Structure formats: structure tokens, C-alpha cells
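I am opening these notes before looking anything up, and I will write down each item in the order in which I come to it.

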Amino acid sequence: MAVPAVRRALPFRWETPLGVYGLLLLLSGNYLGLFDSPGERMMGDVGRILHVHVPAAWVAMLAFLIAGIAAFGFLMSGKRSFDSLVESAAEVGVMEGTLLCLLGAIFAKPTWGVWWDWDPRLTSTAVMLLSFVGVLLLRGVVRDPDRRATWSAVATLLSTVNLPITYMSVKWWRSLHQDMSETAGGSTIDSSLRWVMYYNTWAFVFLTVWFLATRWRLAEVRAEAEVPDALPEVAT
Amino acid sequence: MMVPFAQGMGMIQGGMGYVYAAYVITWVFFIGYAVSLWSRSREEA
């Protein structure tokens, strides 16, 4: 499972322009969300939080899904690059999942009157987030690279089971959290708000790709450093 | 007597402080994580 040295030597980091583009989109998207978008009919100005809260939820779920796919890929192929992607996507997902929960709390206080409620959507999100925190902790304590990769891949797959549970929680149980707004059947969000939310979503997506690729390169460099040097040839 | 349809008919007033807090936290997270990646990349280089 040696890591080809060419990866770290790539002269052009393709993700950097995407990250810069994502930052510009975030800057303009946040301006639109704060000053240009109309207030929501019932929530008023507080509805502007949706323009960052919903994208945070989507990219956190996306990062966790990528971690799950990479874990499956590692278990099937044994390729170290998949393990690096597990590490990268789990960390980015935890960062964005934490942001999601904080934004949700800020949204909940003026709309529900509480910062947090043990509602099915919030609880399942917290379980999902904590399970991926567990994956990162597991990676931190296992020193042997092969064991770390295998064990964390299994833990990541188990954590990924939380994704459909979290997504469907508002359907499966009575929830204080609102139902899904965007489904294959259409949207319940007015178009004047929806396009701003998607504008910000693209910013989050580009930034997530930047984070994932940069963190993946870092994991690859560390993985390469862990590969033991070849033994010297025995003189005959 | 409570009129059911009267519930939820109003609009939440104010709250821009929460909105600004949400957007600031978003930037703090993203910039903070980007700086963290940059810092770790420099250490590994």
C-alpha cells in the first residue's frame, strides 16, 4: 500500500482556484442573503439564516457520504488513497457538521424559543456528528497504519448509517424541525429566497471541495511518511 | 376562545442580531479551517 510520491509533487493544485472562487461566491452570496433577499413570510429577517444553515447541512452530509464511499472503497481495494480520503472527508464533515449545529441553535432560539431541543432531527444529527468525531478519535489513537485504516473504515461505514436516518427523521418521527423543503417532487421555498440559498450552496460546495482536496493531500503526505524505508540489500 | 388560524399568523420581528451572528460564525469556521490547513501544510512541507 505504498503511496506514489508523484501526488505530493504535482505542480498545480487544481483545488486552489476552486477555493478562491468559493470564497468570492460566499462573499457575494452572504451579501445577497443579508441585504438583497426578502425576509421570510413568517420568520422575517431570521429566515436569512436559512441561506447558510441549509447549505451547511447539505455539505456536511455530502462530506460524510464521501467518507462512507471512501471507506467502502478502502475495504474493497486496500488502496491507501481511499484511507486518506476517509480522514479528509470525516474531518471536513465534522467541521461543517459542528457549524450546522451552531447555526441551527442560532436559528432555533428566535423561532422555537430554545437553543436546542431533543427533537428527532436534531438528535439524529448530533448522533451522526458524534459518530464521525469517534472516527477521528479512533484514527488518533491507533498507531499502526494498516489497523488504523481498516478499523476507521469499518467505523466510518457504521457512522454512515446515520445519514439516511438523519435525512428521513422528519418523515419517520414527529419532529419540531420543519419537513424537507427540497425534494424530487419540488420545492416549498419561494423562488425569491430559493435562488439565494442555492447561490450560497454553491459557495459551500466549492469551499468543501477545496477543503477536501487540501486535507487529502495532507493525509497523503503523512501516509507517505509512515511507509517504512526499504531494507538495504543483503551483500552476497 | 383560541382561534387556531390565529396561531402562527404573525411574523417574527427583529432578530438581525441572530442573523449577523450566524453569518459571522460561518466565516470564522471557514477561515479558521483554511488557516488550520495552511498551517499544517507548512509544517509537513
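I began with the way two helices of chain A cross, and I noted that the crossing of α4(A) and α6(A) is left-handed. I should add at once that I am reading a predicted model, and that every value in these entries is computed from it.

Next I looked up the geometry of this pair: helix α4 covers residues 120–141 of chain A and helix α6 covers residues 162–172, and they pack at an angle of about 165° with their axes 8 Å apart. Because angles over 145 degrees count as roughly antiparallel, I wrote the two helices α4(A) and α6(A) down as roughly antiparallel to each other.

I then asked which residues of α4(A) meet α6(A). On the α4(A) side I found A:Pro120, A:Arg121, A:Ser124, A:Thr125, A:Val127, A:Met128 and A:Ser131, and on the α6(A) side A:Asn162, A:Leu163, A:Ile165, A:Thr166, A:Ser169 and A:Val170. Sorted by class, the residues of this contact are 6 nonpolar, 6 polar and 1 charged.

Stepping back to chain A as a whole, I counted 7 helices and 2 strands, which follow the pattern α-α-α-α-α-α-β-β-α along the sequence. The C-alpha trace of chain A spans about 85 × 40 × 30 Å along its principal axes, and 43% of its 236 residues count as buried. I also noted that, among the contacts in chain A with a separation of 6 or more, 77% join residues 24 or more positions apart.

My next entry concerns A:Gly19, which lies in helix α1 (residues 15–36) of chain A. Is A:Gly19 buried or exposed? I found 21 other C-beta atoms within 10 Å of A:Gly19, and since 20 or more are needed for a residue to count as buried, A:Gly19 is buried. Setting aside neighbours within four places in sequence, I listed A:Phe206, A:Leu207 and A:Trp210 as the contacts of A:Gly19.

Turning to the complex, I found that 20 residues of chain B are in contact with 27 residues of chain A, and that the chain B side of this contact has 13 nonpolar, 5 polar and 2 charged residues. The predictor gives the complex an ipTM of 0.88 and a pTM of 0.88.

Last, I checked confidence in chain B, where pLDDT averages 82 and 80% of the residues score at least 70. Over residues 1–6 of chain B, however, pLDDT stays under 50, and the model has 0 contacts for them beyond four places in sequence. I kept a caution beside that entry: where pLDDT is low, the predicted coordinates should not be read in detail.

Note on methods: Residues are numbered from 1 along each chain as its sequence is written. Chains are lettered from A and ligands numbered from 1 in the order in which they are written. This is a predicted model: local features need pLDDT of at least 70, side-chain atom pairs count only at pLDDT 80 or more; totals for chains, interfaces and linings use all residues. pLDDT is the predictor's confidence in each residue, from 0 to 100. Two residues are in contact if their C-beta atoms, placed from the backbone, lie within 7 Å. Ala, Val, Leu, Ile, Met, Phe, Trp, Tyr, Cys and Pro count as nonpolar, Asp, Glu, Lys and Arg as charged, and the others, Gly among them, as polar. Helices (H or I, at least four residues) and strands (E, at least two) are DSSP runs, numbered from the N terminus. A residue is buried if 20 or more other C-beta atoms lie within 10 Å of its own, exposed if 12 or fewer, and partly exposed in between; C-beta atoms are placed from the backbone. Axes are lines fitted to C-alpha atoms, for helices over the stretch in contact, and angles run from 0 to 180 degrees between N-to-C directions. Angles under 35 degrees count as roughly parallel, over 145 as roughly antiparallel, 65 to 115 as roughly perpendicular and the rest as oblique. A crossing is left-handed if the near helix is turned anticlockwise from the far one by less than a right angle, and right-handed if clockwise.
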